[in-house]
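Colleague: I am new to reading models like this one and would like to learn how to look at helices and aromatic rings. Could we go through them together, step by step?

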Amino acid sequence: MKIEERRKRGADMKFRAFTLDDFDSVIDLWKKAGLILSRSDTIEGLHNKLRRDPELFFVAEEDRRIIGVVMGSYDGRRGWINHLAVDPEYQGNNIGQEMIGELERLLKKEGCEKINLLIEPSNHKVQSFYEKQGYTRDELIFMEKWI
């Protein structure tokens, strides 16, 4: 059965919390979706993320297969969308939109009023996806330092 047919028939997709048992599957999904991983995308790095706000890090699962993932965060002032990815075989089925909606709901529940995200230049094609979700471009200079 085609994925689109499965989605139309209301297949059993659900969201659930990310666990460290999901690490290999999530890393594979991020790579398959073309995300650029950093040196903090290790099992230790994701373990540290889970200690901070685990309810904002979840996967979309269908038939026990991880088909989407989003790592949200909230610093008490701003929310962030990090590493949102949907398996390319499942893209175009509103899974990313549903994941954003759920993350926005969770962040709003925490008192968050603004959500930020960053897009790697090599992944610029996703800009139109985020624009359809109501996100707008803001010209900033982003700087970082690994310590």
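**Rings and a helix**

Modeller: Let us start with the rings, keeping in mind that this is a predicted model: F129, Y130 and Y135 form one aromatic cluster.

Colleague: How many aromatic pairs are there by the rule that ring centres lie within 6.5 Å?

Modeller: The count comes to 4 aromatic pairs, and one of them joins F18 and F57, whose rings are stacked, with 4.1 Å from centre to centre and 10° between the planes. F18 lies in the loop between β1 and α2, while F57 lies in strand β2, so this pair ties together parts that are 39 residues apart in sequence.

Colleague: Are F18 and F57 buried or exposed?

Modeller: Buried means under 20% relative accessible area, so F18, at 3% relative accessibility, counts as buried, and F57, at 0%, counts as buried too.

Colleague: Now to the helix: which residues of α2 are buried, and where do they lie around the axis?

Modeller: The general idea is that an α-helix has 3.6 residues a turn, so residues three or four places apart point the same way. In helix α2, which runs over residues 23–32, the buried residues are F23, V26, I27, L29 and W30. These cover an arc of only 160° around the axis, which puts them on the same side of α2, whereas D24 and K31 are exposed on the other side.

Colleague: What covers the buried residues of α2?

Modeller: The cover includes α3 as well as the strands β2, β3 and β4. Just after α2, finally, G34 takes a positive phi of about 90°.

Key:
Residues numbered from 1 in each chain as written. Predicted model: local features only at pLDDT ≥ 70, side-chain atom pairs only at ≥ 80, totals over all residues. Heavy atoms only, no water. Buried < 20%, exposed > 50% of the residue type's maximum accessible area, 1.4 Å probe, protein only. Helix = DSSP H or I, 4+ residues; strand = E, 2+ residues; numbered from the N terminus. Arc of directions from axis to C-beta. Contact = heavy atoms within 4.5 Å. Phe/Tyr/Trp six-rings, centres within 6.5 Å; stacked < 30°, edge-to-face > 60°.
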